[in-house]
Amino acid sequence: MNEESTEHDLVDHKFYHAGQEAAFLEGKDPGTPQTRHPAYRLAYADTDFLLRDELRPVRFQLELLKPEMLLEEAGIGSTLVIYGSARIPSPEQAEKLVAEADEERRPIAERLAANSKYYTESYNLARRVSELAIVEDGKRQFVICSGGGPSIMEAANRGASDAGAESIGLNISLPHEQYPNSYVTPYLSFQFHYFALRKMHFLLRARAVAVFPGGFGTLDEFLELLTLIQTGKMKPIPVLLFGKEFWTSVVNFEALVEAGTINRADLDLFHWCETAEEAWCHIAEFYNLKC
């Protein structure tokens with residue numbers, strides 16, 4: 001139906017969409033001092049204006065809205081979020097990592113290679129959950145969501161991809177570029193400027209979170225999640241902590257209890273596990289699903 005035939009349609013828009021308005025101006029600039037000046041640009045089409053410090057609240061809103069709208073349109077009901085290192089190699093890369101390390105770096109390379117088993121478990125968990133293809137209320141549930149980067153994150157998206165399922169990647173723009181791994185579904189691949197908004201989107205749809213060995217970022221996300229549940233800002237969900245030997249060497253949970261800074265019951269906010277099967281069975285038990 002053309003534009004003229006919809007003029008008398010009650011449900012037709014009577015104002016042009018913003019994109020149409022912008023198109024009216026294309027190729028029609030008379031080239032006067034007034035039209036050449038940045039002040040004349042349409043505000044929403046003026047990148048320099050949108051990047052001003054004063055526009056930070058608007059950019060916050062945009063980073064909240066864009067992924068939310070696209071995930072809703074994609075029919076994503078809930079997610080299984082997988083946090084973990086960007087440095088642990090896949091089993092295929094582990095031997096090469098050790099072989100190429102110099103004498104000083106070899107002990108670290110060997111420890112990273114030993115943890116490649118968690119790449120496998122991240123892959124296995126993502127694949128297993130994705131193969132279940134759970135749908136409720138017409139929306140897909142437990143869709144795999146990672147930080148979109150390499151290592152443990154790549155394993156998660158790869159597991160979903162090999163199961164024939166779509167998965168989400170929430171990347172962050174960094175001074176040293178981090179690009180999405182090749183297994184993230186392209187139309188579910190997002191990039192954030194603000195860590196705060198990225199972290200919010202990780203948890204808005206999360207119905208379970210698996211935390212694998214990692215560094216500052218993983219530790220930050222894990223502890224913030226526990227804090228949200230502990231303080232009642234977020235309802236309890238299954239939090240699966242992979243790698244008890246690793247994590248107890250990094251965080252002395254018992255010392256926190258003994259110091260009285262957390263309650264012993266707070267240690268029940270997460271569940272230790274080592275395998276994908278154990279993790280899924282804990283999630284299934286929580287939601288009364290079949291393991």
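This passage describes the overall architecture of a predicted model and then two of its local regions.

The chain comprises 291 residues, of which 40% count as buried. Its secondary structure consists of 13 helices and nine strands. The C-alpha trace spans about 70 × 50 × 45 Å along its principal axes. Contacts between residues at least 6 apart in sequence were examined by separation, and 67% of them join residues at least 24 apart. The area exposed by the chain amounts to about 17,400 Å², with carbon and sulfur atoms supplying 55% of it. Among the charged side chains, 28 are positive and 43 are negative. The centres of these two sets lie 2 Å apart.

Helix H6 spans residues 106-114 and contains the buried residues Ala-109, Leu-112 and Ala-113. These residues lie on the same side of H6, because they cover an arc of only 100° around the axis. Helix H5, formed by residues 91-100, is included in what covers the buried residues of H6.

The second region comprises the loops on either side of strand S3. Asp-137 is located in the loop between strand S2 (135-136) and S3. The backbone of Asp-137 adopts a positive phi of about 55°, although the residue is not a glycine. Most residues other than glycine have a negative phi. With a relative accessible area of 78%, Asp-137 is exposed.

Strand S3 (139-140) is followed by a loop that leads to strand S4 (143-146) and holds Gln-141. Phe-142 also lies in the loop between S3 and S4. A positive phi, near 55°, is found for Phe-142 as well, again in a residue other than glycine. Phe-142 has a relative accessibility of 7% and therefore counts as buried, the cut-off being under 20%. Asp-137 is thus exposed, whereas Phe-142 is buried, and each has a positive phi.

Gln-141 likewise counts as buried, because its relative accessible area of 17% falls under the 20% limit. The side chain of Gln-141 forms a polar contact of 2.7 Å with the side chain of Ser-78. When neighbours within four places in sequence are left aside, the residues in contact with Gln-141 are Gly-77, Ser-78, Ile-134, Val-135 and Glu-136. Ser-78 therefore appears both in this set of contacts and as the polar partner of the buried Gln-141 side chain.

Terms used. Residues numbered from 1 in each chain as written. Predicted model: local features only at pLDDT ≥ 70, side-chain atom pairs only at ≥ 80, totals over all residues. Heavy atoms only, no water. Buried < 20%, exposed > 50% of the residue type's maximum accessible area, 1.4 Å probe, protein only. Helix = DSSP H or I, 4+ residues; strand = E, 2+ residues; numbered from the N terminus. Arc of directions from axis to C-beta. Contact = heavy atoms within 4.5 Å. Areas by Shrake-Rupley, 256 points an atom, 1.4 Å probe, with all protein chains shown as cover. Lys, Arg positive; Asp, Glu negative; His and termini not counted. Charge placed at Lys NZ, Arg CZ, Asp CG, Glu CD. Polar contact = N/O pair within 3.5 Å; in protein donor to acceptor, adjacent residues only side chain to side chain.
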